[in-house]
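Q: Some labels given to residues rest on cut-offs. Please take a few of them in turn and set each against its definition.

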Amino acid sequence: MSLLVVGSVALDDVETPFGRREGALGGAAVYFGLAASYFTDVRMVAVVGRDFPREHVDLLDERGLDLTGLQVVDGSTFRWGGRYGYDFNARETMFTELNVFADFDPEIPVEYRETPHVFLANIAPALQLGVLEQIEAPRSTALDTMNYWIERTPEELRRVLERVQIVLINDSETRELAQDPNLARAALNVLSMGPRILVVKKGEHGAVTFSNEDAFAVPGLPLETIVDPTGAGDAFAGGFLGYLAATGDFGGEGLRRATIYGSAMGSFCCESFSVDRLASLEPGEIETRFEAFRDLTRFEHVPIFDV
Ligand code: AMP
């Protein structure tokens, strides 16, 4: 079943200890959309400037993304620059040039309005609400956000949280949103704000999926090749929601599998700069990676105490 993503499409300058890339294809909607495209049909609503290279559009098109909702307007594409040291969990934002993204007011094409599954990537909560107003009877709605919106527009964020079923944010955002340093308590607090499912992303340390009934934790895969973690959180969301949109498997076991597919897509994302790896996967590689997570976490309890 189709999955709609609304979010940034960017040109990124990224520097890591393994090299640098300038003007590389990036943006939350791109990482999400490419990851989800292996699982289901993806529709994208975003904005770019006239400088956005044709080759990037072609790459998204070749992966089968529906780009009817990609507006091209006068001006420059959103640009973001980030730098990493050896601790990939600590990133320095070098610059953010919003350009045409500053006036982004997502208009959902008529043919997208009945899309059953919706992902609101990290944009202003007021815009996320505006998107929800335009969608008719979605089966699932999900969002990402960031500290900036938690601090600057808490009321709007609360309103959109009341209307989505799934939230995917990182651990510091979870603590800040709940104003509680204890992650387990903070997660329950976020669930009390409206959503039924909360995925807490912890970078290279994995992810935890919380519902009111269950918590499921997956570690990060100890990858031998980590080149650039940019977009890994969005790629995780793409795998997680792509799996759920494809299968409709929203039960406890389904959420566990979604968490592993999400982790698999996040791990591939880190293996190259930009979307190089994410855009060129074979489906078999995704299943093999799923198995790697199972092998990493499998254990049996053989009791040694008489109880
Ligand atoms: P992540 O590593 O998951 O935080 O995602 C990084 C991507 O988000 C990069 O490709 C950036 O272009 C994009 N990005 C950075 N800052 C913002 C922002 N303020 N709003 C939307 N997208 C952003």
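A: In this predicted model, helix H3 (residues 125-134) has Pro125, Gln128, Leu129, Val131, Leu132 and Gln134 as buried residues. Their cover includes strand S1 (3-6), strand S8 (117-120), strand S9 (140-143), helix H4 (147-152) and helix H5 (154-161).

Q: Why is Cys269 called buried?
A: Buried means under 20% relative accessible area. Cys269 has 1% relative accessibility, so Cys269 counts as buried.

Q: What makes Cys270 buried?
A: The relative accessible area of Cys270 is 12%. That value is under 20%, therefore Cys270 is buried.

Q: How do you know that Cys269 is in no disulfide?
A: A disulfide needs two cysteine sulfur atoms within 2.5 Å. The cysteine sulfur nearest to that of Cys269 belongs to Cys270 and is 5.6 Å away, so the pair is too far for a bond. The structure holds zero disulfides.

Q: Why does the pair formed by Gly27 and the ligand count as a polar contact?
A: A polar contact is a pair of N or O atoms within 3.5 Å. A polar backbone atom of Gly27 lies 2.7 Å from an oxygen atom of the ligand, so the pair qualifies. For Gly231, a polar backbone atom is likewise 2.7 Å from a ligand oxygen atom. Arg91 uses a polar side-chain atom, 2.9 Å from an oxygen atom of the ligand.

Q: How much of the ligand does the protein bury?
A: The ligand taken alone exposes 500 Å², and the protein buries 82% of that.

How values were computed
Residues are numbered from 1 along each chain as its sequence is written. This is a predicted model: local features need pLDDT of at least 70, side-chain atom pairs count only at pLDDT 80 or more; totals for chains, interfaces and linings use all residues. Side-chain values use heavy atoms; hydrogens and water are left out. A polar contact is a pair of N or O atoms within 3.5 Å; within protein, one must be able to donate a hydrogen and the other to accept it, and residues adjacent in sequence count only if both atoms are side-chain atoms. Accessible areas come from the Shrake-Rupley method with a 1.4 Å probe; for residues, only the protein chains shown count as cover. Buried means under 20% relative accessible area, exposed over 50%, partly exposed in between (1.4 Å probe, protein chains only). Helices (H or I, at least four residues) and strands (E, at least two) are DSSP runs, numbered from the N terminus. Contact means heavy atoms within 4.5 Å.
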